[in-house]
Amino acid sequence: MTTTTTNKNNITELECDYLIVGAGATTLAFVDTLLTELPDTKIILLDKKAAPGGHWVDAYGYVKLHQPSIVYGIASKQLEGNWLKCLLCQFMKPWDHRANKTEILKYFADFVNENEQISFYPNSEYYFDKDADPSSEFHSFSSVDGSVSYKVQVNVKLIDGSSNVNIIPHDNPLQFPVDDEVRVMTPNQVYDANNANPTEMLKNKYVVLGAGKTAMDAVVYLQRTMKIDPANIAWVISQDVWMSKLGGGGNPTAWGRALVKHDNDTQKAALEMESKGAMVRLDKKIMPTVFKFPVVPADELKLMQNVKTIIRRGRATAIRKNANSKVTIEFGDDHSPWEAFAPLEKCVFVHCTSPGPFNATKNREIGIFSSDKKMTLSLLFAPPISISMSCLAKVEASRRKGALDLKCMKRLMLAREGNPPTKDYTENELLDALIQPMLMVPVRPMLNLAVVLAICHTDPMVLMDWMKQNRLAFLSIPGYKCMAYEDVRMLQAKGAAGGVSVGLTEPDMNMLELLGDAIQPLEGM
């Protein structure tokens, strides 16, 4: 099957197996595994941006991965590069390597450009029509400037990877009023200005707005690279956050297990993980209220803790210019304004308040396998995102090959319903019910992993072995244990009320006994 192009009525007609919307880390991890499993597959890949890489294309210049490179990217190629070269040339252990923006963009671009099965259309936009027929084989997209339109015959599926968009300050201005003459800069602008004139930038004082990883990176960059005295940095934090400590011995499933152990008491769960060295916080006198999986190394945490001017008054609602060149941040009616520690002309507000990842709303209403002709990519497991997408591609490839264990899927569905089925479910409907988006429910990854292990083959060891060979999976790390069987039995032991308290539904709980039986060969692994 080939991709064909013909001109007709100023519309270019194309044909492919999969039309994939978005060319970021989400879709590229999916595409890579799909092509490994089904190498003859023809793919059309489109993105609004001019190059593959998603949010990395417009990210600030000093950004690096939170987590080690060894579990990020695509399964078929190491992001950290040759391990011997890491050791001998960079004097770095491969598992300590955290790729920067330049390395990541080259890595993704090389994958797309070197793969003959992928036809990439940059600067292009797919318009999702709520009224469109999801079963249709025909789809349309156009160049961003509208100069070229395309009609695509999609023989297998449309893959929507756009719901995982990571919204960054470069693409998202401050969402509250800022008076004229107040200097607001994104991390990108700070980076560019410092490269152009570091001496001039050293004369300013800086107010970092935001509590997420972008703000953490900005605080570190100001000190480490720009040499700003921490006394000249203020940090506006709407809510303190828990952080995973890089190298602290934690793993993506530890948080969910801690929550189950402590009956969904987030404070007790986080404090236990902190006592083990797996989680940290900015100030031990302040109890964080949220955890969104940021990962920080010890040296960066120390730099963050150097900043002593911390403003905790909720979300900023406005930045105002006052008399005598003074400038203040307002926080609504419940908190008093904060007067900045420098005059207007010497004060730079660093905008780090964008939503970041995990903010999509589309996939809250639409399942991953929403129709026979469409998939909506979404996290299955806790970050990094790459292994979730690789597993989804494995499931899709197993479906195409006829390798799914349909008998197991039907038994699980019967258990979920609790009664004889009211209909004869299609393969796709079974997948949509059994594999559900994580949606920041910390124990959902346990269930998703167990389901994937149970249904991708009649023997769960086949999928286990595949994951052990997949560089994106923590199971590829020597000594790491899956514990999927034990996790299912732990959830089962909590009973219906306990399971629901940690975010599972009654149908989820109903199928735990059968699910545990299906993956019992993995006990102790």
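**Group meeting: helix 1, the aromatic pairs and strand 18**

Good morning. Ala25 belongs to helix 1, which covers residues 25–37. Please bear in mind that the structure before you is a predicted model. With a relative accessible area of 10%, Ala25 is buried. Apart from neighbours within four places in sequence, Ala25 makes contact with Tyr72, Phe108 and Ile385. In addition, the C-alpha atoms of Ala25 and Ala109 lie 11 Å apart, while 84 residues separate the two in sequence.

I turn now to the aromatic residues. The count of aromatic pairs comes to 15. One of them joins Tyr60 and Tyr62; this pair is tilted, with 4.6 Å from centre to centre and 45 degrees between the planes. Tyr60 is buried at a relative accessible area of 7%, and Tyr62 also counts as buried, at 16%. Tyr72 and Phe108, both contacts of Ala25, form a pair as well. Their ring centres are 6.5 Å apart and their planes stand at 55 degrees, so this pair is tilted. Which parts of the chain does the pair tie together? Tyr72 lies in the loop between strand 3 (43–46) and helix 2 (83–89), and Phe108 in helix 3 (residues 101–114), so the pair ties together parts that are 36 residues apart in sequence. Tyr72 is buried, with a relative accessible area of 6%, and Phe108 is buried at 0%. Ring pairs link these two with Trp56 and Tyr107 into a cluster.

Tyr72 leads us to Ser386, in helix 11 (residues 386–401). Ser386 is buried, at a relative accessible area of 0%. Beyond its neighbours within four places in sequence, Ser386 is in contact with Ala29, Val71, Tyr72, Gly73 and Leu472. A polar atom of the Ser386 side chain lies 3.0 Å from the backbone nitrogen of Gly73.

Next, strand 18, residues 347–351. Is this strand enclosed or open? Five of its five residues are buried, so strand 18 is largely enclosed by the rest of the structure. Cys347, Phe349 and His351 point one way, and Val348 and Val350 the other. In a regular strand, side chains alternate between the two faces of the sheet. Strand 18 pairs in the parallel sense with strand 8 (residues 183–185) over three bridges, and Phe349 is the bridge partner of Val184. Strand 9 (residues 205–209) also runs parallel to strand 18, joined by five bridges, with Val207 opposite Phe349.

Finally, two charges over rings. Lys205 lies over the face of Phe341, 5.2 Å from the ring centre. The charged end of Lys151 sits over the ring of Phe138, at 5.2 Å from its centre. Thank you.

Methods. Residues are numbered from 1 along each chain as its sequence is written. This is a predicted model: local features need pLDDT of at least 70, side-chain atom pairs count only at pLDDT 80 or more; totals for chains, interfaces and linings use all residues. Side-chain values use heavy atoms; hydrogens and water are left out. Helices (H or I, at least four residues) and strands (E, at least two) are DSSP runs, numbered from the N terminus. Buried means under 20% relative accessible area, exposed over 50%, partly exposed in between (1.4 Å probe, protein chains only). A polar contact is a pair of N or O atoms within 3.5 Å; within protein, one must be able to donate a hydrogen and the other to accept it, and residues adjacent in sequence count only if both atoms are side-chain atoms. Contact means heavy atoms within 4.5 Å. Two strands pair if DSSP finds at least two bridges between them. Rings of Phe, Tyr and Trp (its six-membered ring) pair if their centres lie within 6.5 Å; planes under 30 degrees apart count as stacked, over 60 as edge-to-face and the rest as tilted. A charge sits over a ring if NZ of Lys or CZ of Arg is within 6 Å of the ring centre and within 35 degrees of the ring normal.
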